[in-house]
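Student: I have a new structure open and would like to learn how to read it. Could we go through it together, one feature at a time?

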Amino acid sequence: SIAEVGCGFGRIGERISGRAGVRWVGADLSRDQLVEARGRSAPIRPRLLEASATALPFRDSSADLVLAVEVLMHIPPEQIKSALAELWRVSRRYILHIDWFEDYLIGYGTAWSWVHDYTTLWQSFGARPDVSRLRASGLQRAFLVTKPATGSH
């Protein structure tokens with residue numbers, strides 16, 4: 001199961017929701033992007049929700065993977081820890097987020113984008129993210145957070 005936070009126009013959901021055994025749901029704050037996603041793709045239409053990354057309408061541990069692509073960099077510094085706490089709460093096992101990131105820019109911000117210290121933030125939850133530079137752009141990083149196992153399912 002995959003919960004995509006900041007699903008936008010639903011492009012990722014369109015690619016993965018039809019695969020056998022995959023359950024996908026997408027949430028985004030932008031009503032306009034969700035309207036367009038609903039109009040473009042009937043299969044994902046019922047799986048799109050309007051929601052903020054700081055208040056997700058999902059049960060605790062309800063998704064095997066929580067995915068956030070180029071979303072967290074748009075969360076202001078005073079709200080980023082709340083957003084990460086929501087991803088942590090919803091994830092059963094993994095969180096994968098991809099953002100434009102260079103460590104020497106930590107703390108830099110504009111009116112719509114910030115460079116957060118994701119490693120330190122995730123460590124505050126007791127996690128140690130695996131960080132990978134994506135070759136396609138060189139500027140994007142993938143942060144994979146694995147939650148500790150909490151017993152048998």
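Tutor: Gladly! Keep in mind that this is a predicted model. Let's begin with Glu86, which lies in helix α3.

Student: How do I read its surroundings: is Glu86 buried or exposed?

Tutor: The idea is to look at relative accessible area, where under 20% means buried. Glu86 has 13% relative accessibility, so it counts as buried.

Student: Which residues does Glu86 touch, leaving out those up to four places away in sequence?

Tutor: With those set aside, Glu86 touches Ala53, Thr54, Ala55 and Leu56.

Student: Let me try Ser52 next. Where is Ser52 found?

Tutor: Ser52 is in the loop between β3 and β4. Its relative accessible area is 23%, and buried means under 20% while exposed means over 50%, so Ser52 is partly exposed.

Student: How far is Ser52 from Ala111 in sequence and in space?

Tutor: You can count along the chain or go straight through space. Ser52 and Ala111 are 59 residues apart in sequence, and their C-alpha atoms are 18 Å apart.

Student: Now the strands. What is their order in the sheet?

Tutor: To read a sheet, follow the strands from neighbour to neighbour. Here seven strands form an open sheet in the order β3-β2-β1-β4-β5-β7-β6, and the pairing is mixed. The edge strands, β3 (48-50) and β6 (130-133), each pair on one side only. On average, neighbouring strands of this sheet are turned by 20° against each other, direction ignored.

Student: How many bridges join β2 to β3?

Tutor: Three bridges join β2 (residues 24-28) to β3, and the two strands run parallel. Within β2 and β3, look for Gly26, which stands opposite Leu48.

Student: And which helices lie across these strands?

Tutor: Helix α2 (residues 31-40) lies across β2 and β3, at about 165° to β3. Helix α3 (residues 77-90), where we met Glu86, lies across β1 (2-5), β4 (63-69), β5 (91-100) and β7 (140-146). The angle between α3 and β5 is about 145°.

Student: One last feature: how much space lies in the largest pocket, and what lines it?

Tutor: For a pocket, look at its volume and then its lining. The largest pocket holds about 280 Å³ of space. Its lining has 17 residues, with Gly6, Asp28, Leu29, Val71 and Ile75 nearest the centre. By type, the lining divides into ten nonpolar, five polar and two charged residues.

Terms used:
Residues numbered from 1 in each chain as written. Predicted model: local features only at pLDDT ≥ 70, side-chain atom pairs only at ≥ 80, totals over all residues. Heavy atoms only, no water. Pairing = 2+ DSSP bridges. Helix = DSSP H or I, 4+ residues; strand = E, 2+ residues; numbered from the N terminus. Axes fitted to C-alpha atoms, helices over the stretch in contact; angles between N-to-C directions. Contact = heavy atoms within 4.5 Å. 1 Å grid on protein atoms, 1.4 Å probe; cavity = no way out; pocket = protein on both sides within 12 Å on 5 of 7 lines; lining within 4 Å. Points joined across faces, edges and corners; volume = space filled by probe spheres on them. Nonpolar A, V, L, I, M, F, W, Y, C, P; charged D, E, K, R; others polar. Buried < 20%, exposed > 50% of the residue type's maximum accessible area, 1.4 Å probe, protein only.
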